[in-house]
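Thanks for coming. I will take a few minutes to walk through one structure, and you can follow along on the screen.

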Amino acid sequence: MKFHFLLGFTFISSLLFSQGDYFQQTVNTKIHVALDDKNHFLNGDVEIEYINNSPDELNKLILHIWPNAYRDNTSELATQLTENGELDFHFSSSQDRGYIDDLNFSVNGKSITYTQYQGEPDI
């Protein structure tokens with residue numbers, strides 16, 4: 001019994017004391033958008049200031065472009081809704097859906113390229 005207690009105490013202690021310093025990333029956003037209600041368009045831009053407070057250098061950021069989840073029946077959202085038996089979206093017309101089709105990214109004022117995950121229109 002004492003052996004199990006000692007083993008458990010050692011395991012829990014190692015988990016508690018092995019964690020590194022805590023840090024919190026900082027993200028600030030500015031959104032500028034205009035509605036073209038005649039053509040059913042939103043035109044705008046988003047400025048994201050991402051401050052890396054971790055001790056590690058980041059070589060990529062993954063952004064979920066959620067409006068693209070409404071683009072077609074291949075998105076994670078569409079798949080999940082269908083699996084849940086909610087078929088309104090599956091049978092909706094293209095004019096009732098939305099998406100983002102023009103993205104440009106820059107870092108510190110310099111244009112950069114981006115990639116979409118294969119088969120994931122919203123990532």
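**Starting at a buried serine**

S54 counts as buried, because its relative accessibility is 13% and the cut-off for buried is under 20%. Before I go on, please keep in mind that this is a predicted model.

So where is S54? This serine sits in the loop between β2 and α2. Its side chain has two polar partners to look at. One is the side chain of N52, with a polar contact of 2.8 Å. The other is a backbone atom: the oxygen of D56 lies 3.0 Å from a polar atom of the S54 side chain. If we set aside neighbours within four places in sequence, S54 is in contact with F23 and Q25.

Now the overall layout. The protein has 2 helices and 4 strands. Read from the N terminus, the order of elements is α-β-β-α-β-β. There are 123 residues, and 11% of them are buried, with S54 counting as buried. The accessible surface comes to about 11100 Å², and carbon and sulfur atoms hold 55% of that. Of the contacts with a separation of 6 or more, 48% are between residues 24 or more positions apart.

Next, an arginine. R97 is in the loop between α2, residues 76-83, and β3, residues 105-107. What is the charge situation around R97? R97 is buried and has no salt bridge. The nearest side chain of opposite charge is D72, and D72 is 5.9 Å away. A salt bridge here requires a distance within 4 Å, so a pair at 5.9 Å does not qualify.

What does the R97 side chain make a polar contact with, then? Its partner is the side chain of N73, at 3.2 Å. There is also the backbone oxygen of H90, which lies 3.3 Å from a polar atom of the R97 side chain. Beyond four places in sequence, the residues in contact with R97 are Y70, R71, D72, N73, F89, H90 and S92.

Let me look at that from the side of D72. This aspartate is in the loop between β2 and α2, and S54 lies in that loop too. D72 is partly exposed, because its relative accessible area is 26%, and partly exposed covers the range between 20% and 50%. The D72 side chain makes a polar contact of 2.5 Å with the side chain of T74. Not counting residues up to four places away, D72 touches A78, F89 and R97. F89 therefore appears in the contact lists of both R97 and D72. As for H90, D72 and H90 are 18 residues apart in sequence, and their C-alpha atoms are 8.1 Å apart.

Now the surface. Which residues form the nonpolar patch? They are V27, I31, V33, L35, L42, V46, I48, Y50, L58, L61 and L63, and together they have about 1000 Å² of accessible area. The elements that give two or more residues to this patch are β1, residues 26-36, and β2, residues 41-51.

Take L35 as one member of the patch. L35 lies in strand β1. Is L35 buried or exposed? L35 is exposed, because its relative accessible area is 62% and the exposed class begins over 50%.

L35 is also touched by F41, together with A34 and D36, when residues up to four places away in sequence are not counted. F41 is in strand β2. F41 is partly exposed, with a relative accessible area of 45%. The C-alpha atoms of F41 and G98 are separated by 9.2 Å, and these two residues are 57 apart along the chain.

Last, two backbone points. H40 is in the loop between β1 and β2. Its phi is near 60°, a positive value in a residue other than glycine. H40 counts as exposed, at 72% relative accessibility.

The second is N108, in the loop between β3 and β4, where β4 is residues 110-112. N108 is not a glycine either, and it has a positive phi of about 50°. At 79% relative accessibility, N108 counts as exposed.

That is what I have. If you want one thing to look at on the screen, look at R97, which is buried without a salt bridge and has its side chain in polar contact with that of N73.

Conventions
Residues numbered from 1 in each chain as written. Predicted model: local features only at pLDDT ≥ 70, side-chain atom pairs only at ≥ 80, totals over all residues. Heavy atoms only, no water. Buried < 20%, exposed > 50% of the residue type's maximum accessible area, 1.4 Å probe, protein only. Lys, Arg positive; Asp, Glu negative; His and termini not counted. Polar contact = N/O pair within 3.5 Å; in protein donor to acceptor, adjacent residues only side chain to side chain. Contact = heavy atoms within 4.5 Å. Patch = residues over 30% accessible without salt bridge, like charges linked within 9 Å, V, L, I, M, F, W, Y side chains within 5 Å. Areas by Shrake-Rupley, 256 points an atom, 1.4 Å probe, with all protein chains shown as cover.
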